[in-house]
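Grab a pencil and work through these exercises with the model open beside you. Try each task yourself before you read its solution.

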Amino acid sequence: MAVTHTFAIGREQCFQQIDKLIKSHSLHTSESLCKLLRYLAEHSLDHPGVALKEYQIATEVLGRPAGFDPQSDSTVRVQAGRLRVKLAEYYAHEGTDDPIVVEIPKGSYALTFHLRAAKAGGPATLILESGAKRAETPPSTRGWAIAVVVLSVLLAATLSTTALLLSQRTRTQAATSQPVPAAYQIFWNRFLTGPQQPWVIFSNGSFVGRPETGMRYFNAASDTRAFILDHYTGVGEVLAIHQLDRVFNLLNRSIRVKRGALFSLDDAKNNDLIFVGSPSENLTLLDIPGTQEFIFQRLDSGPRKGDLAVINVHPQPSEPKTFLGTPPNQPTTEDYAVVSLLPGLDPSRSILILAGDTTFGTQAAVEYVCREDSVKELLQRLKVSNPGDLKPFEALLHVKIAHGVPVTTDLIAVRSRD
């Protein structure tokens, strides 16, 4: 009887494969397919077993109106078919050596992730999960779900595929069965050793108006504070919290989350803080020491007067003084974001600022520090190789965006701070 080999793979590896696909020659020129692929991946891994409807995909991904009728409009089926073909094309050429294969089974919009068949030693069993002994571990009260796909060998030597769903996981599982990348331990060390769990403060701007008739930013010169709406935030901030929760779960550490409008300086005094969003919406940042090298500021002159920009306070040779993303009256395709580690109000504590000009840049900044390869890149630029050696710094990122999804993020400048 052939020996069955078992391989475990986690969410990080799945999303790394998705990123690789999006950047591939087969897919990178099709923004709509890249956006669809990322959406299907997030849904398949976050909500295993929950079927996607064509209406959801059409309205949430493809920009179709609320009156979309899947019976008379085949857009979703056509796009899914195109993506299915592109995936097959990638694995037939560029991805011939990729160990993880991503597919869209016909008749479904749920992605599957599986290993290539073993070349020797018999077929393989693939389990997408963070824990090894599922039956021995009580269910978690946390919510981040993981898809589990098992390829098993039948006694009659017939290979069949069985889909198993694991809707919850525990910190014990993540800490004991999924190795923590060394880069994570170095970068996040300051937020793992404090007496209390770090606070994550996400931005929620001040608006006036009504959602059904239109909202705009609050203007202190002309608007009354009695009608401020301060309970809305961007999609990038929401996805950012999810990414941070995933990483801290892996590090066996909890986070506390609060929206910026409810955060006070009393909270800031004795805690490690992670701010998600720029000072234009995360207003608490205006009351504490902030960045000194890359500053968010609205321009007071020129053709882009009033637009939010990142000011390069001490530009190096060949660096511009001002970094501006896409104009606000156009679809966002470019943004800039800042990653900054600063001393806390209590010098023994730390502040991490993850912020973009737009919600998409903020999402990209958080994703950058939540991915092993990009964290490694940042640590190399800072010349840090040991936990405890990371000193305050400021880094600037350039983000390319397609249909509301950050597709590439490049580290373009780093400043160490004394």
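**Exercise 1. At what angle do helices α1 and α4 pack, and which residues meet?**

Step 1: Find helix α1 at residues 11-22 and helix α4 at residues 75-92. Helices here are DSSP runs of H or I with at least four residues, strands are runs of E with at least two, and both are numbered from the N terminus.

Step 2: Take the angle, which is about 90 degrees, and the axis distance, which is 11 Å. Axes are lines fitted to C-alpha atoms, for helices over the stretch in contact, and angles run from 0 to 180 degrees between N-to-C directions.

Step 3: Put a word to it: α1 is roughly perpendicular to α4. (Under 35 degrees counts as roughly parallel, over 145 as roughly antiparallel, 65 to 115 as roughly perpendicular, and the rest as oblique.)

Step 4: Look at who touches whom. Q17, K20 and L21 of α1 meet L87, Y90 and Y91 of α4, where contact means heavy atoms within 4.5 Å.

A word on the ground rules: this is a predicted model, where local features need pLDDT of at least 70 and side-chain atom pairs count only at pLDDT 80 or more, while totals for chains, interfaces and linings use all residues. Residues are numbered from 1 along each chain as its sequence is written, and side-chain values use heavy atoms, leaving out hydrogens and water.

**Exercise 2. Describe how α9 and α10 cross, then place S374.**

Step 1: The axes of α9 and α10 come within 6 Å and cross at roughly 80 degrees, so these two helices are roughly perpendicular to each other.

Step 2: On the α9 side, the contact uses E367, Y368 and V369; α10 brings S374, V375, E377 and L378.

Step 3: Check how covered α9 (residues 359-369) is: 11 of its 11 residues are buried. Buried means under 20% relative accessible area, exposed over 50%, and partly exposed in between, with a 1.4 Å probe and protein chains only.

Step 4: Now zoom in on S374, which sits in α10 (residues 372-382). S374 is buried too, with a relative accessible area of 9%. Ignoring neighbours within four places in sequence, S374 is in contact with E367 and Y368. A polar atom of the S374 side chain also lies 3.1 Å from the backbone oxygen of R371.

**Exercise 3. Which strands stand at the edges of the seven-stranded sheet, and where does I201 fit in?**

Step 1: Read off the order of this open, mixed sheet: β10-β7-β11-β16-β15-β17-β18. Two strands pair if DSSP finds at least two bridges between them.

Step 2: Pick out the edges. β10 (256-259) and β18 (405-416) each have a single partner strand, so one side of each has no neighbour in the sheet. From one strand to the next, the twist averages 15 degrees.

Step 3: Follow one pair. β7 (residues 199-202) runs parallel to β10 and is joined to it by four bridges, with V200 opposite V257. Helix α7 (residues 235-250) packs on the sheet and touches β7, β10, β11 (273-276) and β16 (350-356).

Step 4: Find I201 in β7. I201 is buried, with a relative accessible area of 0%. I201 and F275 are 74 residues apart in sequence, yet their C-alpha atoms are 4.9 Å apart.

How values were computed: A polar contact is a pair of N or O atoms within 3.5 Å; within protein, one must be able to donate a hydrogen and the other to accept it, and residues adjacent in sequence count only if both atoms are side-chain atoms.
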